[in-house]
Amino acid sequence: MLEIKNLTAGYKQGPDIIKNINLTLLENEIVTIIGPNGAGKSTILLSIFGLTNLRKGEIYHGARKISGLKTDQIIRSGIALVMQGRNIFPDLTVEENLEMGAFVLQNKTEIALRKEEVFNFFPILKKFRQKSSGILSGGERQMVAISMALMLSPEVLLLDEPSIGLSPKIAEEVFEKIQKIRDSGTSILIVEQNAIKALEISNRGYVLELGENALEDKASELLLNPKICELYLGKS
Ligand SMILES: Nc1ncnc2c1ncn2[C@@H]1O[C@H](COP(=O)(O)OP(=O)(O)O)[C@@H](O)[C@H]1O
Ligand SMILES: [Mg+2]
């Protein structure tokens, strides 16, 4: 579904931030990238989305090479990114935010249909439909941010720290929704500081250190790996 081959990238004229990264995301998988702050996790997602300076290697979405494409072309190829920080438009209503998520779609009927599907997936957002998004709680904002991405029925969904700052209960709800999105046929790549929770819903995981691949394994194995537990999962 998504394949990163030997990717080296950075920002503008700056140093290489990620180096020789290899990563695959298969159909119907959830894959999580864990690693310390500043390891380059977000940079991987931004690179897939065409927002960094790619210096070496390639990225494929299925058979199609997407490295080198512009972000809007990458979006049109079926990849959606939910950036860290629940980026929504607080002055717009929830419904308007969803429409913003569908900006590459032209067909009004299709947009209306997608909106109903997304509201049915996140029924809690229905009552805020015409309300300004600025009044929403953190969890509701995250659901709007994910909804905006779902407006395009992406084949691949990239999620940067989906549970950061959320209470355990709300984070749990978000992770349940993420699993449902996978079950409905979207492959998902997550970057998450809440590594245990993310690995629990993942098929596989990658550990990133100083911008390089350190380890890759089944999520269930990473959860049992003593070194990983000590370094990244906050248990010993
Ligand atoms: N827009 C940017 N311009 C320049 N450097 C950046 C930018 N974003 C991140 N960096 C640098 O890239 C490194 C990796 O950051 P990031 O990918 O955000 O790590 P992580 O998500 O693992 O915490 C850090 O040293 C950070 O300062
Ligand atoms: Mg980050």
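This is a short conversation about how the terms used for this predicted model follow from their cut-offs.

User: What should I know about the model before we start?

Analyst: It is a predicted model, in which local features need pLDDT of at least 70 and side-chain atom pairs count only at pLDDT 80 or more, while totals for chains, interfaces and linings use all residues. Residues are numbered from 1 along each chain as its sequence is written, and side-chain values use heavy atoms, with hydrogens and water left out.

User: Why is the chain called as compact as a globular protein of its length?

Analyst: The yardstick is the globule rule, 2.2 Å times the number of residues to the power 0.38, with the radius of gyration taken over C-alpha atoms. For 236 residues the rule gives 18 Å, and the chain has 17 Å, which is close, so the description fits. Its C-alpha atoms fill a box of roughly 45 × 40 × 30 Å along the principal axes.

User: What makes a stretch count as a helix or a strand?

Analyst: Both are DSSP runs, numbered from the N terminus: H or I over at least four residues for a helix, E over at least two for a strand. The chain holds nine helices and ten strands.

User: Why is helix α1 described as largely enclosed?

Analyst: Buried means under 20% relative accessible area, exposed means over 50%, and partly exposed lies in between, using a 1.4 Å probe and protein chains only. Seven of the eight residues in α1 (residues 41–48) are buried, so the rest of the structure largely encloses this helix. Those seven are K41, T43, I44, L45, L46, S47 and I48. After α1 comes G50, with a positive phi near 75°. Across the chain, buried residues make up 50% of the 236.

User: Why is the pair F121 and F122 called edge-to-face?

Analyst: Rings of Phe, Tyr and Trp (its six-membered ring) pair if their centres lie within 6.5 Å; planes under 30 degrees apart are stacked, over 60 edge-to-face, and the rest tilted. F121 and F122 are 5.0 Å apart centre to centre, with 75° between the planes, and are thus an edge-to-face pair. By this rule the count is one aromatic pair. Both F121 and F122 are buried.

User: Which residues is L105 in contact with, leaving aside its neighbours within four places in sequence?

Analyst: Contact means heavy atoms within 4.5 Å. On that basis L105 is in contact with E110, I111, M151 and L152. L105 sits in the loop between α3 (94–101) and α4 (108–121).

Conventions. Chains lettered and ligands numbered in written order.
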